[in-house]
Amino acid sequence: MKKVILLLSLFIGLSSIAQDATRHFFYLGESKVKDMDVFRKNFPVQDAFTRKMNEGIMNNRVAHTSETGSLYILSFIDGDENLGKYIASRATNKFREANPKIAEEMSNNTDAWRRSTWIRVNELHFLPADYKMENYNFRKIVMRTVPANEQEAFEKQQLQQHELGLKIGVKYLSVTWRAVDGYPTNTYMTILPDNSILDFYTHYADRQQKRNNSKEFNDSMKTGVKSNITRIDHLSRVY
């Protein structure tokens with residue numbers, strides 16, 4: 001309950017910052033699954049219930065497993081008001097009340113959950129207008145921390161490097177998010193979707209060759225804000 005109160009306070013603070021612009025969030029749940037078959041059996045029931053309960057609030061949800069054995073469930077929400085409603089809904093036990101046996105089985109099948117909230121850095125959103133996450137079964141994630149007093153400079157630097165990459169023919173899908181709660185707020189997560197891990201690294205090799213052949217690009221990498229990569233993981237969509 002203290003966690004929910006803290007998150008609601010955070011939501012109120014966010015709302016007071018910018019009322020005139022729709023901002024984009026995702027709510028991340030991370031855990032370890034003991035039996036994937038049990039998860040695959042029960043998650044569709046829980047997912048359908050969650051989507052119905054948050055209709056008009058949550059616009060999408062996707063579950064992945066990773067090569068490190070972790071489970072990532074991402075729930076996407078547009079707007080500060082909807083974020084507040086979604087956080088409030090998490091304080092209820094409606095799914096457990098409606099499906100006690102399934103809820104108990106799901107609870108026993110996972111370790112403790114780590115939950116966090118992330119806001120999209122719109123300037124670092126490089127997905128087409130018709131992008132649908134359901135069309136991409138693989139995602140690489142890169143998490144990094146940046147000195148707290150250099151976050152704005154880091155975001156500008158990332159945009160400049162992306163634009164420089166386009167000049168030399170480097171194109172790829174990516175979107176970067178900044179932690180709001182659950183991780184230090186100087187933490188960034190970049191998500192890079194593709195059809196498969198094989199496709200991703202085939203395309204990656206081509207991109208790296210173009211970068212290595214560009215003196216301008218390599219010179220740009222030698223200066224600017226230094227970030228510390230804290231996690232790289234490969235996610236495979238399971239639902």
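**Surface, salt bridges and a cavity in a predicted model**

Ala 148 sits in the loop between strand E5 (138-145) and H6. The model described here is predicted. Ala 148 is exposed, because its relative accessible area of 58% lies over the 50% cut-off. The C-alpha atoms of Ala 148 and Asp 219 are 24 Å apart in space. In sequence, 71 residues separate Ala 148 from Asp 219.

A nonpolar patch was also found on the surface. Ile 197, Leu 198 and Tyr 201 make up this patch. Together they offer about 290 Å² of accessible area. Leu 198 belongs to helix H7, which spans residues 197-212. Leu 198 has 62% relative accessibility and therefore counts as exposed.

Salt bridges were searched for across the whole structure, and 13 were found. One of them joins the side chains of Arg 23 and Asp 80, with an N to O distance of 2.8 Å. This pair links distant parts of the chain, 57 residues apart. Arg 23 is in the loop between helix H1 (2-17) and strand E1 (24-32). Asp 80 is in helix H3 (residues 80-89). Both partners fall under the 20% cut-off for buried residues. Arg 23 counts as buried because its relative accessibility is 16%. Asp 80 counts as buried because its relative accessibility is 8%.

Helix H3 also holds a salt bridge between two of its own residues, Lys 85 and Glu 81. The closest N and O atoms of Lys 85 and Glu 81 are 3.5 Å apart. The two residues are 4 apart along the chain, about one turn of the helix. How exposed is each partner, Lys 85 and Glu 81? Lys 85 has 40% relative accessibility, so it counts as partly exposed. Glu 81 has a relative accessible area of 52%, so it is exposed.

A further salt bridge joins the side chains of Lys 167 and Glu 216, at 3.6 Å from N to O. Lys 167 lies in helix H6 (residues 151-167), and Glu 216 lies in helix H8 (residues 215-220). The pair therefore ties together parts that are 49 residues apart in sequence. Lys 167 is exposed, with a relative accessible area of 61%. Glu 216 is partly exposed, at 47%. Salt bridges with shared partners also join Asp 47, Arg 51 and Arg 61 into one network.

The interior was examined for cavities. The structure holds 1 cavity of 30 Å³ or more. The largest cavity has a volume of about 30 Å³. Its lining consists of Val 38, Phe 39, Asn 42, Phe 43, Met 106, Asn 109 and Thr 110. Helix H2 (residues 36-53) supplies the largest share of this lining, with 4 residues. By type, the lining of the largest cavity divides into 4 nonpolar and 3 polar residues. No charged residue takes part in that lining.

Definitions and conventions
Residues numbered from 1 in each chain as written. Predicted model: local features only at pLDDT ≥ 70, side-chain atom pairs only at ≥ 80, totals over all residues. Heavy atoms only, no water. Patch = residues over 30% accessible without salt bridge, like charges linked within 9 Å, V, L, I, M, F, W, Y side chains within 5 Å. Areas by Shrake-Rupley, 256 points an atom, 1.4 Å probe, with all protein chains shown as cover. Salt bridge = Lys/Arg side-chain N within 4 Å of Asp/Glu carboxyl O. Buried < 20%, exposed > 50% of the residue type's maximum accessible area, 1.4 Å probe, protein only. 1 Å grid on protein atoms, 1.4 Å probe; cavity = no way out; pocket = protein on both sides within 12 Å on 5 of 7 lines; lining within 4 Å. Points joined across faces, edges and corners; volume = space filled by probe spheres on them. Nonpolar A, V, L, I, M, F, W, Y, C, P; charged D, E, K, R; others polar.
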